[in-house]
Amino acid sequence: MLLRGVKPILWLIIFTVLIQILFGHGGTVYFHLWFISITSLGIINAMMIFVRLLLIIIIATILTITTSPSMIALGVETILVPLKWIKVPTETIGMMVSIALQFIPTLIDELDDIMNAQRARGVDFGKGKLIKRAQSLVSLIIPLFISSFRHAEHLADAMEARGYSDEVKRSHYQLVAWTKLDWIALLFMILLTVVVVLVRS
């Protein structure tokens, strides 16, 4: 389940790591040809970037599996409560987070449908040169954008029909309360941040 969250952006991770390895500078030089240079520092930086991206994806996957979008949005809204003093629309931000999280599965299903439709028309996304693959991706991106705008328009109409307004204070079915575990997690993250900053300095 966790590795499933890595697959959609696996190519981006590989591309980022390769760029760091091939064009990194500093440390012992293992290979050099024109502007390509493989060094020890470049490899170390590439591994650090790989681990960071992998941890971000795994943590985000665990969060979305164990917590509903409405609770995530409520948590974001609760954390941003102090910003109300400077007139930041925290409830609107929470609603945007909730809608964005609920849209992700819909967009993934739409992407699968579009890919199947393009394959039925003879498009092969796994073969051909890099330019041809990029051109085939255009046949996915444009319909996906159109579908996203259509879903957004339908959602806006539905919210307007139900009388939604960001000027009216909203109530919540579930409320979150700050507990001892939250304090422990906060202190742990602060200590971890301090340790990382001290190690890197």
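**Group meeting: helices, a strand end and a pocket**

Val97 sits in helix α4, which covers residues 90-120. I start there, and one thing up front: this is a predicted model.

So how exposed is Val97? Its relative accessibility is 23%, so Val97 counts as partly exposed; the buried class needs under 20%. Now its partners. Setting aside neighbours within four places in sequence, Val97 is in contact with Ile72, Ala73 and Val76. Take Ile72. Val97 and Ile72 are 25 residues apart in sequence, yet their C-alpha atoms are 7.8 Å apart in space.

Next, Pro69. This residue belongs to helix α3, and that helix runs 69-79. Pro69 has 29% relative accessibility, so Pro69 is also partly exposed. Which residues does Pro69 contact, once neighbours within four places are left out? Ser98, Leu101 and Gln102. For Leu101, the C-alpha to C-alpha distance to Pro69 is 5.9 Å. The sequence separation of that pair is 32 residues.

Let me step back to the whole chain. There are 201 residues, and 16% of them count as buried. The secondary structure comes to six helices and two strands. In sequence order the pattern reads α-β-β-α-α-α-α-α. Contacts next. Take those between residues at least 6 apart in sequence: 50% of them join residues at least 24 apart.

Now the strand end. Thr39 lies in strand β2, residues 36-39. Buried or exposed? Thr39 is at 2% relative accessibility, so Thr39 counts as buried. Beyond residues up to four places away, Thr39 touches Ile21, Gly24, His25, Gly26, Thr28, Val29 and Tyr30. There is also a polar contact to look at. At the start of α2, a side-chain oxygen of Thr39 comes to within 3.1 Å of the backbone nitrogen of Gly42.

That takes us into helix α2, residues 40-66. Here is a quick geometry check. What span should 27 residues give at 1.5 Å a residue? The expected figure is 39 Å, because the expected span is 1.5 Å times one less than the number of residues. The C-alpha atoms at the two ends of α2 are 39 Å apart, so the model agrees with the expectation. On burial, the α2 residues Ser40, Gly42, Ala46, Ile57 and Thr61 are buried. Note Gly42 in that list; its backbone nitrogen is the partner of the Thr39 side chain.

Last topic: empty space. Rolling a probe the size of a water molecule over the atoms shows where such space is left. I will take the second largest pocket. How much space lies in it? About 680 Å³. The lining has 15 residues, and those closest to the pocket centre are Gly75, Val76, Ile79, Trp178 and Asp182. Which helices supply at least two lining residues each? α3, residues 69-79, and α6, residues 180-200. The largest share comes from α3, with six residues. By residue class, the lining splits into eleven nonpolar, three polar and one charged.

One link back to the opening. Val76 is among the residues closest to the centre of that pocket, and Val76 is also a contact of Val97. On the model, then, start at Val97 in α4, step across to Val76, and from there look into the second largest pocket.

Conventions
Residues are numbered from 1 along each chain as its sequence is written. This is a predicted model: local features need pLDDT of at least 70, side-chain atom pairs count only at pLDDT 80 or more; totals for chains, interfaces and linings use all residues. Side-chain values use heavy atoms; hydrogens and water are left out. Helices (H or I, at least four residues) and strands (E, at least two) are DSSP runs, numbered from the N terminus. Buried means under 20% relative accessible area, exposed over 50%, partly exposed in between (1.4 Å probe, protein chains only). A polar contact is a pair of N or O atoms within 3.5 Å; within protein, one must be able to donate a hydrogen and the other to accept it, and residues adjacent in sequence count only if both atoms are side-chain atoms. On a 1 Å grid over the protein atoms alone, a cavity is a set of points where a 1.4 Å probe fits but cannot get out, and a pocket is an open set with protein on both sides within 12 Å along at least five of seven lines; lining residues have an atom within 4 Å of a point. Grid points are joined across faces, edges and corners, and a volume is the space filled by probe spheres set on the points. Ala, Val, Leu, Ile, Met, Phe, Trp, Tyr, Cys and Pro count as nonpolar, Asp, Glu, Lys and Arg as charged, and the others, Gly among them, as polar. Contact means heavy atoms within 4.5 Å.
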